[in-house]
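The following exercises are intended for a reader new to this structure. Please study the sequence and the model before turning to the solutions.

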Amino acid sequence: MTYELKFKGVEQDDGSIDLERLAMLASAILTISRGALQIRLLGISTERGRPTENISNALKIRLTKLKKGSTILQLECEKFGNTLVGSQGDFFKPELLEELPRMTPMSLFISTYREALTEGEKNHLDKPLLKSLKDFRKVLLNNEEVTISNRGSVKALVLKKEDFNKIQLLEEATPDPQQV
């Protein structure tokens with residue numbers, strides 16, 4: 001599936017992006033997508049050691065185009081139904097096994113932000129994942145905003161600096177994970 005990240009509100013709205021910022025953006029997206037996937041599969045967003053090859057392959061996101069008209073990055077990724085074949089999910093949450101195959105790393109990224117920013121249950125968030133969501137603000141410059149969308153299958157997400165204040169409050173109110 002194809003997604004667009006559109007950055008608006010900076011002087012450098014010329015269709016280019018600094019390489020260091022691009023690396024930071026890629027790292028932040030992968031960290032959030034990995035945490036969101038792991039919390040669904042394993043019940044916790046952080047796992048010690050290297051990620052499994054299966055999870056790493058499922059989280060492949062490719063930059064396919066950089067466009068002008070602000071700075072627009074076009075990204076592509078596969079649905080988990082094509083990449084997580086044979087993976088087991090949380091046995092106690094069978095609804096995830098129906099939902100997850102239709103999702104992609106980017107749709108998981110979007111839905112994780114939506115869960116953090118809207119009222120209601122926060123079933124797929126823990127403190128480390130909330131910290132990763134909050135740290136994404138480092139990618140934005142000054143009063144810049146980013147819109148993440150695709151061609152209609154997922155509602156566009158607009159992130160502004162003030163959204164990260166809400167996430168910080170949620171992170172502070174969330175208890176640290178406890179070993180069982």
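**Exercise 1.** What covers the buried residues of helix H7?

*Solution.* The model is a predicted one. Begin by identifying the residues concerned: within H7, which spans residues 161-173, Asp163, Phe164, Ile167, Leu170 and Glu171 are buried, that is, each has under 20% relative accessible area. Viewed down the helix axis, these buried residues fall within an arc of 115°, so they line one face of H7. On the other side of H7, Leu169, Glu172 and Ala173 are exposed. Finally, the elements that cover the buried residues of H7 include helix H5 (105-117), helix H6 (127-135) and strand S5 (157-159).

**Exercise 2.** Determine how many of the residues of strand S3 are buried, and state what follows.

*Solution.* Strand S3 comprises residues 71-77. Of its 7 residues, 6 are buried, so S3 is largely enclosed by the rest of the structure.

**Exercise 3.** Describe how strands S1 and S2 pair with S3.

*Solution.* Take S1 to begin with. Strand S1 (residues 2-8) pairs with S3 in the antiparallel sense, over 6 bridges. Tyrosine 3 is found opposite leucine 75 of S3.

Next, consider S2. Strand S2 (residues 61-67) is likewise antiparallel to S3, with 6 bridges between them. Lysine 65 has glutamine 74 in S3 as its bridge partner.

**Exercise 4.** Which residue in the turn between S2 and S3 has a positive phi?

*Solution.* S2 and S3 form a hairpin, with 3 residues between the two strands. In this turn, glycine 69 has a positive phi of about 90°.

Notes
Residues are numbered from 1 along each chain as its sequence is written. This is a predicted model: local features need pLDDT of at least 70, side-chain atom pairs count only at pLDDT 80 or more; totals for chains, interfaces and linings use all residues. Side-chain values use heavy atoms; hydrogens and water are left out. Buried means under 20% relative accessible area, exposed over 50%, partly exposed in between (1.4 Å probe, protein chains only). Helices (H or I, at least four residues) and strands (E, at least two) are DSSP runs, numbered from the N terminus. The arc is that of the directions from the helix axis to the C-beta atoms. Contact means heavy atoms within 4.5 Å. Two strands pair if DSSP finds at least two bridges between them.
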